[in-house]
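Good morning, colleagues. I would ask you to keep the structure in view while I speak, as I shall begin with one residue and then turn to the fold.

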Amino acid sequence: MPKIIGYLRVSTDTQDVENQKHEIEAYASREGMTVDTWIQVEMSSRRSTRERRLDETLDLLKRGDSLIVSELSRIGRSIRENLNILHELGKKGVTTHIVKQGLRTNGKNDVLATMLLANVSFAAELERDLISQRTKAALARKKAEGKKLGSPMLDELHAQQSAAAKEFSETIRGELEALIQEGKSQRAIMDSLNEKGIRTIRGNRWSLPYLQATLKRLGLITRRTKT
């Protein structure tokens, strides 16, 4: 009995594979089909066909079977790769269903289907190139304007970590000032903190670089706090 495989691929963990699955299930229901096997991959299209489990999928499919994907870009990244994979599927007598583009090909000498697939693949490839170019141009403009580049989430995390370190440093300001008033060196201050069981914000013993960073954060580095 012919089998039907649904192939799902997302590039990152921020993308939702369930959306693809829902689209394929809805399509299969309309066509009176039932997916027998799901192959799910979280991997960039830049990786090899083996890593993307496409080789495995091809091995599972036999003449008369069907492969359903939500869109052409889930299979390959370039026009050549897409057409090569579809050609291999066609040679095996496998029908490929591409949901979003509304295309179906069984690998026979269907000139119209080949042209449509090539056009769809070209459009997707062109869109990726344009997005890449726009992104690079925007980053170059921001850099030229002197703006800081980076992830807003990472910037927020760094800000939170910096605030926490500042808050912790203030809790031991009195202890540090007292040790400085005693004329202790930085190394002696470090030893004193460790002997008293006072730990860093991470619960570790004090090291000289960590102490120096804390003193600098509090503005307590003076000639009297020599190493």
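**From one loop residue to the sheet**

S207 has a relative accessibility of 33%, so it counts as partly exposed, since that class lies between the 20% limit for buried and the 50% limit for exposed. Please bear in mind that this is a predicted model. Where does S207 sit in the chain? S207 belongs to the loop that links α7, residues 186-195, with α8, residues 208-218. Its C-alpha atom is 9.2 Å from that of N194, a residue 13 positions away along the chain.

Let me now turn to the chain as a whole. The protein chain contains 8 helices and 5 strands. Read from the N terminus, these elements follow the order β-α-β-α-β-α-β-β-α-α-α-α-α. Of the 227 residues in the protein chain, 33% are buried. The exposed surface of the chain amounts to about 14,400 Å², of which carbon and sulfur atoms contribute 51%. Among contacts in the chain with a separation of 6 or more, 65% are between residues 24 or more positions apart.

I come next to the sheet. How are the strands ordered in it? The sheet is open and has 5 strands, arranged β2-β1-β3-β4-β5, and the pairing is mixed. β2, residues 37-42, and β5, residues 103-105, each have a single partner strand and stand at the edges, so each has one side without a neighbour in the sheet. On average, and with direction ignored, neighbouring strands are turned by 15 degrees against each other.

Consider one pair within this arrangement. Strand β1, residues 4-10, runs parallel to β2, and 6 bridges join the two. In one of these pairings, R9 has V41 in β2 as its bridge partner. Which helix packs on the sheet and touches β1, β2, β3, β4 and β5? That helix is α1, residues 17-30, whose direction makes about 155 degrees with that of β1. For orientation on the display, β3 covers residues 66-69 and β4 covers residues 95-98.

I shall close with a second loop residue. R53 is located between β2 and α2, the latter spanning residues 54-60. R53 is not a glycine, yet its phi is positive, at about 65 degrees. Is R53 buried, partly exposed or exposed? Its relative accessible area is 29%, and R53 is therefore partly exposed.

Technical notes:
Residues are numbered from 1 along each chain as its sequence is written. This is a predicted model: local features need pLDDT of at least 70, side-chain atom pairs count only at pLDDT 80 or more; totals for chains, interfaces and linings use all residues. Side-chain values use heavy atoms; hydrogens and water are left out. Helices (H or I, at least four residues) and strands (E, at least two) are DSSP runs, numbered from the N terminus. Buried means under 20% relative accessible area, exposed over 50%, partly exposed in between (1.4 Å probe, protein chains only). Two strands pair if DSSP finds at least two bridges between them. Axes are lines fitted to C-alpha atoms, for helices over the stretch in contact, and angles run from 0 to 180 degrees between N-to-C directions. Contact means heavy atoms within 4.5 Å. Accessible areas come from the Shrake-Rupley method with a 1.4 Å probe; for residues, only the protein chains shown count as cover.
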